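Here is a quick walk through one protein chain, written for someone who would rather look at side chains than read tables of numbers. Have the structure open beside you as you go.

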Amino acid sequence: MLGGRTGTGRNRPSGRGLLPERVDAVLFDMDGTLLDTLSAWYAAAEQLWGTAFANRDIAEVDGGTVADVVDLYRRDHPEADPDTTAERLVDLIDANLAGNTEPMPGANDLMRRLAGRVPIAVASNSPTRLVRAGLASQGWLELVDTTVGADEVAAGKPAPDPYRTVAERLGADPTRCVVVEDSVFGLRAGLAVGAWVLTVGNTVQGQGNLWVPGLDDERVASWQPNR
């Protein structure tokens, strides 16, 4: 892991509680980390069910994939076709996101500050269609070097596949990358590839190599890594 090696200092954090100064790449989650999209997912799920989405259900699929939500839906509706249900859910999410996508605090500054300094990628449990649309809505699509959606890998988070895939595409050693995540699923995926994990928000408070309440935290706002 980035913070766990000694010797050259290439991968060591720049100080206690600080982010690494030298990285191969920064690998971002999207939903809830870069973009405030979770309400659109919850609204789509409620429209799919036709009723309010229970807190226990939200906790079960938080940070998960479309397939995770469909599996949960089919517990209540075992007759539902999984492919048709997935298509409907993605259409509902897309409709709820249209014109309503906002960046998380500090995300826009961070993306634009890192672009050109180090390779950056987005690895999401959303379908590629939603990933690219979300990034394009903020003018970020041209800033990232590569993206991966859950439909491009064998298994979504918490499996390591999304982060391993973007690291491979960048020619980066995942143990020399910083992963930025807001969910337990994503945290587990980042740790599974040996990355240095920055966690953001209440759900993962106190976990990862460094936790911050938001990307507007001073430790992130002053971070200027190099490769």
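Is Asp91 buried, partly exposed or exposed? Keep in mind that this is a predicted model. With a relative accessibility of 43%, Asp91 counts as partly exposed. Its salt-bridge partner is Arg129, with N and O 3.1 Å apart. Asp91 sits in helix H4 (residues 82–97) and Arg129 in helix H6 (residues 128–137), so this pair ties together parts 38 residues apart in sequence. Arg129 is partly exposed too, at 45% relative accessible area.

**Salt bridges**

In total, the structure holds eight salt bridges. Here are some of them, with the N to O distance for each.

| Salt bridge | N to O distance | Separation in sequence |
|---|---|---|
| Asp29 – Lys157 | 3.0 Å | 128 residues |
| Arg129 – Asp91 | 3.1 Å | 38 residues |
| Arg169 – Glu152 | 3.0 Å | 17 residues |

Take Arg169 and Glu152: the arginine belongs to helix H7, while Glu152 is in the loop between S3 and H7. Arg169 comes out as partly exposed at 44% relative accessibility, and Glu152 does as well at 33%. Elsewhere, salt bridges with shared partners join Asp29, Lys157 and Glu181 into one network.

**Around Glu181**

Asp29 and Lys157 are both buried. Asp29 is in the loop between S1 and helix H1 (38–49), and Lys157 is in the loop between strand S3 (146–148) and helix H7 (161–170). Glu181, in strand S4 (residues 177–181), counts as buried because its relative accessibility is 0%. Beyond its neighbours within four places in sequence, Glu181 contacts residues including Asp29, Lys157, Thr33, Tyr163 and Val204.

For a contrast, look at Asn202, in the loop between strand S5 (196–200) and strand S6 (210–212). Asn202 is exposed, with a relative accessible area of 66%. Its C-alpha is 8.1 Å from that of Asp182, though the two are 20 residues apart along the chain.

**One side of helix H5**

Which residues of helix H5 are buried? In this helix (residues 107–114), they are Ala107, Leu110, Met111, Arg113 and Leu114. They cover an arc of only 170 degrees around the axis, so they lie on the same side of H5. That fits the usual geometry: an α-helix has 3.6 residues a turn, so residues three or four places apart point the same way. The buried residues of H5 pack against strand S1 (25–28), strand S2 (120–123) and helix H9 (218–221). After H5 comes Gly116, with a positive phi near 90 degrees.

Conventions
Residues numbered from 1 in each chain as written. Predicted model: local features only at pLDDT ≥ 70, side-chain atom pairs only at ≥ 80, totals over all residues. Heavy atoms only, no water. Buried < 20%, exposed > 50% of the residue type's maximum accessible area, 1.4 Å probe, protein only. Helix = DSSP H or I, 4+ residues; strand = E, 2+ residues; numbered from the N terminus. Arc of directions from axis to C-beta. Contact = heavy atoms within 4.5 Å. Salt bridge = Lys/Arg side-chain N within 4 Å of Asp/Glu carboxyl O.
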